Amino acid sequence: MLTLLPGALGARILITVICAVWFGLPLAALLGQLGVIRSTVSLKPGRLALSGELLRAKKDALPALTPTDLRHAFVTHDGKRFTKREAIHELSRPGAEASFVLRKSSLHIRPAVTPAPGSRPKGYSLVRPWTSPPWLWWSWAGTCLVVTTSLWRSRWRNTCIVEMQTGWQAATQAFERVAFHPAALAAYAAATSATLAAANWQKLSAPYLVAEDGSIFIEDNLSYGIGSLVVPYAGYLHVLPRLIAWVGGIFPLHSQPAALVWITMGLVSVTFYFIGTWTSWAERIAVAAFFTFAPMGGYLMYSPTNLQWFTGLALALLAVHPAPRPAHVGGQIFLIVIASAAALSGPFAIITLPAMIWRAWHSRTRFDIILALSQVIAASTQMAVLTVTDYHPATPATAQGALLPWVADFALGLFGKPVAWSSGQAELWGTVLAGGLLLLLTSGLFFWKGGQPGRARFVWMLAFAALFAAAGWARSEGTSRSWLGGERYYVIPYALIVIALATLFSSRLRLLQGLAAVTLASMMPGLCATAPTAIRPPHWATQVQEIPPGGHGLIETYPPGDDQWSVFIVKDDDGKPLTGSEYLRARATCDTRSKRPGETK
């Protein structure tokens, strides 16, 4: 049939078939990992047992569940979705809403309508992300091989090669034309935000506070209001988290966790817009994939406390980008203001400041000089606070861990933790990986064939990755682990290494490009297969309602069972929470907690 078609038309049809086959299945698999494409497993009535008001799946009633399933799967009853996940103790509360608990080998459901005694439950299904079966990948590989071989042996071979080269050049030129257009940057930020939301939907559907979100930022907002902006914690200032808590204080107390989570999500989206401004398309895709697939979970994602790991990465990219100046004066002012706020929300400006000064010295433009001066002021402020503040760490000092196991674990963390290595295996393979990454990145320095600004930027990113990793090593005293432990200290160096690998695409050396592509592609399956720490936070709204008018109490947040992360709330006789001096007096007399971390009494 194709032999009857003109050469160019037949070649285009074959190219279309190849692209559809080659990209269609991986795209479907990716959408399945994100929970966009789903499959349904009917839960047979005979495989569910009624225990009081709860339904429990019998042994072997569930299929084998992956970490992606546990993250995105949900239960339906007669086609109606149960949108609420709960912990066991929340699920068993009297009067709890229809909800479910899903674990690796167990499922508990509180039905929307409790079945009558002796009746069998009907109409329940488990909706899980679609996973492509192995035979489909074999079919995909075989189809691609057959079509490609047929194409190569056909009379359209030379025509197809020309068509492919022409199409690739046209696509590359089109991407370069729109790479830094505001609409393209907004589309990138929106797409990245959507994938992050899909990967962390539990945090958005049932918002909760973690660590300092409540016990520091909400409490200090209740105590000082907008004045909390100048209150240091952990030795430095936190402008953005305190602004988020101040804006969230407008909302009723029972809905403040949701307000904080959604406001933080908006700021993360803005941060990704600026990250897109200072990166190429390859780097944008790499950093978006890393943040989507990395097992950060609800502890790191959309938390005001941990927003600094995103803004810190943006500061590092701003410092090394050769031309960050927006076209309009309004955009320049906004960038300087938002960069100053980010620098006053963590200690990262101290590390990125040398690159800011270096670029201002070389460019000598007014914008770069003003930006560098603003960063000097912010970094000096943070250093002064670090020097003056009498900071007492929340955890006692421990002996510094051995460096080699830490380096090995750091390298393995880039590829997730899907394999349960023994300590000896982890140290061996982690050392091999660390050596391979070091060799690859060093080769990029020696054999760089791209532009000189790109090489300088590459060097700065590697230097920042090393400095941020060293800071995490010192802060965690060499004992934290990359994922499922002290992961927040390694988000920025991990992201910088991922971006540096993507930067090798602009080196114009095919061997480096291929090795970087293989390394980046091999990271994603391990990151996907590493389940984030399971979080079952206490129910905030219920605890707020349990405090009577005129009473007070500690509202537990995550991590539960530790009063230092609880939020002290006092209500007046009308049931409204006290603020300002009244709240401070009540906290001084009624709060039964010991000294908060970073606070002196």
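In strand 7, the residue that serves as bridge partner of L55 is I109, and a second bridge partner in strand 7 is H108, which is matched with R56. In this predicted model, strand 3 and strand 7, the latter spanning residues 107–110, are joined by 2 bridges and run antiparallel. Strand 3 also takes part in a pairing with strand 2: residues 48–51 form strand 2, residues 54–57 form strand 3, and the two are connected in the antiparallel sense over 4 bridges. Within this pairing, L48 has A57 of strand 3 as its bridge partner.

These pairings belong to an open sheet of 4 strands, which are arranged in the order 2-3-7-6 with antiparallel pairing. The edges of the sheet are formed by strand 2 and by strand 6, the latter comprising residues 99–102, and each of these edge strands pairs on one side only. When direction is ignored, neighbouring strands of the sheet are turned against each other by 20° on average.

Apart from the sheet, the interior of the model was examined for enclosed space, and a search of the whole structure yielded 4 cavities of 30 Å³ or more. For the largest cavity, a volume of about 170 Å³ was computed. The lining of this largest cavity comprises 14 residues, and those lying nearest its centre are T271, F274, T311, I338 and A342. Three helices each supply at least two residues of the lining of the largest cavity, namely helix 10 (256–277), helix 13 (308–320) and helix 14 (329–343). In terms of residue character, the lining of the largest cavity consists of 12 nonpolar and 2 polar residues, with no charged residue among them.

With regard to the protein as a whole, the secondary structure amounts to 23 helices and 10 strands, and the four-stranded sheet described above, with its order 2-3-7-6, accounts for part of this inventory. Of the 601 residues in the protein, 47% are buried. Where contacts between residues at least 6 apart in sequence are considered, 71% of them join residues that are at least 24 apart.

Definitions and conventions: Residues numbered from 1 in each chain as written. Predicted model: local features only at pLDDT ≥ 70, side-chain atom pairs only at ≥ 80, totals over all residues. Heavy atoms only, no water. Pairing = 2+ DSSP bridges. Axes fitted to C-alpha atoms, helices over the stretch in contact; angles between N-to-C directions. 1 Å grid on protein atoms, 1.4 Å probe; cavity = no way out; pocket = protein on both sides within 12 Å on 5 of 7 lines; lining within 4 Å. Points joined across faces, edges and corners; volume = space filled by probe spheres on them. Nonpolar A, V, L, I, M, F, W, Y, C, P; charged D, E, K, R; others polar. Buried < 20%, exposed > 50% of the residue type's maximum accessible area, 1.4 Å probe, protein only. Contact = heavy atoms within 4.5 Å.
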